[in-house]
Amino acid sequence: MPRDAYVNGRFIPHGQAQVHVEDRGYQFADGVYEVIAVHAGKLVDEEPHLDRLDHSLGSLKIGWPMSRAALKLKMRELLRRNLVREGIVYLQISRGVAPRDHAFPKSKPRPALVMTTRHARAPNRALLDKGAAAITIPDIRWQRCDIKSVSLLPNILGKQQAAEAGAYEAWQVAADGTVTEGTSTNAWIVTKDDKLVTRSLSHAILSGITRLTVLGLAGEEGLKIEERPFTVDEARAAREAFLTSTTSFVLPITTLDGKPVGDGKPGALSMRLRDFYLRYMDAEPAAPEARLSN
Ligand code: PDD
């Protein structure tokens with residue numbers, strides 16, 4: 001159970017933490033967020049996450065609520081208070097509190113910062129052994145998916161559709177038949193000739209930090225990498241498929257729309273990359289440079 005949340009300058013018991021009814025995050029989804037993994041008490045890839053936060057804030061012309069250094073201290077203080085050594089920290093910054101009006105408030109309110117933590121759930125061995133199911137759905141999102149905005153309705157609806165189909169994730173498909181990304185994960189395939197393929201960065205996807213790290217690890221291992229869009233047909237014909245995210249790490253996908261991917265078992269390369277990633281988290285590496293789109 002989380003003990004405290006951080007809300008606009010104060011640590012408050014989680015159950016009592018509240019934001020103002022006219023917080024623009026609440027009324028307009030006018031805010032951004034980050035989810036950072038905590039492993040062995042360390043924040044995994046903290047710097048690239050904060051770089052992406054800066055990109056999201058800058059894209060929406062929302063200021064930092066405090067300096068980057070101060071934010072790092074507050075995150076650590078919250079993790080310490082909540083005794084989190086394995087889990088996540090969630091942080092959300094909205095444009096602040098102002099009477100409801102679509103245009104940015106002239107009063108220039110202070111951006112509102114909320115942070116919570118969660119202990120990690122035990123790794124689901126059964127899911128790993130079997131691999132995850134994914135479905136495909138049309139990508140109905142806006143054209144700035146590179147911004148990690150709290151406006152997540154299409155993602156929520158997609159994930160719910162996946163849940164109702166008994167699947168773990170929904171891969172969103174653009175009008176041209178290419179897979180953009182999952183509702184909360186990046187999408188990857190391994191082709192029959194052993195190429196690792198994931199969509200190149202653009203406004204069409206979130207620049208996943210796990211994606212970035214896995215690309216780096218795969219490069220170090222000398223794997224063949226292609227950053228380019230791939231179609232649903234290619235995914236169906238692929239040898240392996242997997243997804244990456246802060247909370248799922250690297251997770252093999254073994255069925256797509258109910259049909260097996262490859263031999264229908266977690267792929268060897270996917271599992272190798274998962275191991276590399278777990279080792280990377282153990283090693284407390286120097287944070288790689290963030291490569292953000294645009
Ligand atoms: N989701 N794509 C989307 C749309 C996402 O929301 C996420 C992250 C990712 C993977 O990014 P990363 O590797 O930085 O976690 C890709 C977070 C975990 C969430 O919404 O909870």
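Strands here are DSSP runs of E, at least two residues long, numbered from the N terminus. With that in hand, we can place Ser-248: it sits in the loop between strand S13 (240-245) and strand S14 (249-256). Keep in mind that this is a predicted model.

Is Ser-248 buried or exposed? The cut-off for buried is under 20% relative accessible area. Ser-248 has 9% relative accessibility, so Ser-248 counts as buried. Leaving out residues up to four places away in sequence, Ser-248 touches Tyr-168, Leu-243 and Arg-274.

Next, the nonpolar cores. In soluble globular proteins, nonpolar side chains tend to be buried together. The largest core in this model has 22 residues, and the members touching the most others are Leu-53, Met-75, Leu-91, Ile-93, Leu-113 and Met-115. Which elements supply at least two residues each? They are strand S3 (31-39), helix H2 (46-59), helix H3 (68-81), strand S5 (87-94) and strand S6 (112-119). H3 gives the largest share, 4 residues.

Take Leu-91 from that core. Setting aside neighbours within four places in sequence, Leu-91 is in contact with Val-32, Tyr-33, Glu-34, Ile-36, Leu-53, Met-75, Leu-113, Val-114 and Met-115. Another core, of 19 residues, lies apart from the one just described; among its members are Leu-128, Phe-230, Leu-243 and Leu-251. Leu-243 we have already met, as a contact of Ser-248.

Now the charged pairs. The model has 22 salt bridges. One of them joins the side chains of Asp-30 and Arg-95, at 2.6 Å from N to O. Asp-30 is in the loop between helix H1 (24-28) and S3, and Arg-95 is in the loop between S5 and S6, so this pair ties together parts 65 residues apart in sequence. Both Asp-30 and Arg-95 are buried.

Glu-47 and Lys-72 also meet through their side chains in a salt bridge, at 2.4 Å from N to O. Because Glu-47 lies in helix H2 and Lys-72 in helix H3, the pair ties together parts 25 residues apart in sequence. Glu-47 is partly exposed, with a relative accessible area of 26%.

A further salt bridge runs between Arg-236 and Asp-257, whose closest N and O atoms are 3.3 Å apart. Arg-236 belongs to helix H7 (residues 232-237), while Asp-257 is in the loop between S14 and strand S15 (259-260), 21 residues away. Arg-236 is partly exposed at 36% relative accessible area, and Asp-257 is partly exposed at 26%.

Last, a network. Salt bridges link Asp-193, Lys-195, Glu-226, Arg-228 and Glu-234.

Methods. Residues are numbered from 1 along each chain as its sequence is written. This is a predicted model: local features need pLDDT of at least 70, side-chain atom pairs count only at pLDDT 80 or more; totals for chains, interfaces and linings use all residues. Side-chain values use heavy atoms; hydrogens and water are left out. A nonpolar core is a set of buried Ala, Val, Leu, Ile, Met, Phe, Trp, Tyr and Cys residues joined through side-chain atoms within 4.5 Å. Buried means under 20% relative accessible area, exposed over 50%, partly exposed in between (1.4 Å probe, protein chains only). Contact means heavy atoms within 4.5 Å. A salt bridge is a side-chain nitrogen of Lys or Arg within 4 Å of a carboxyl oxygen of Asp or Glu.
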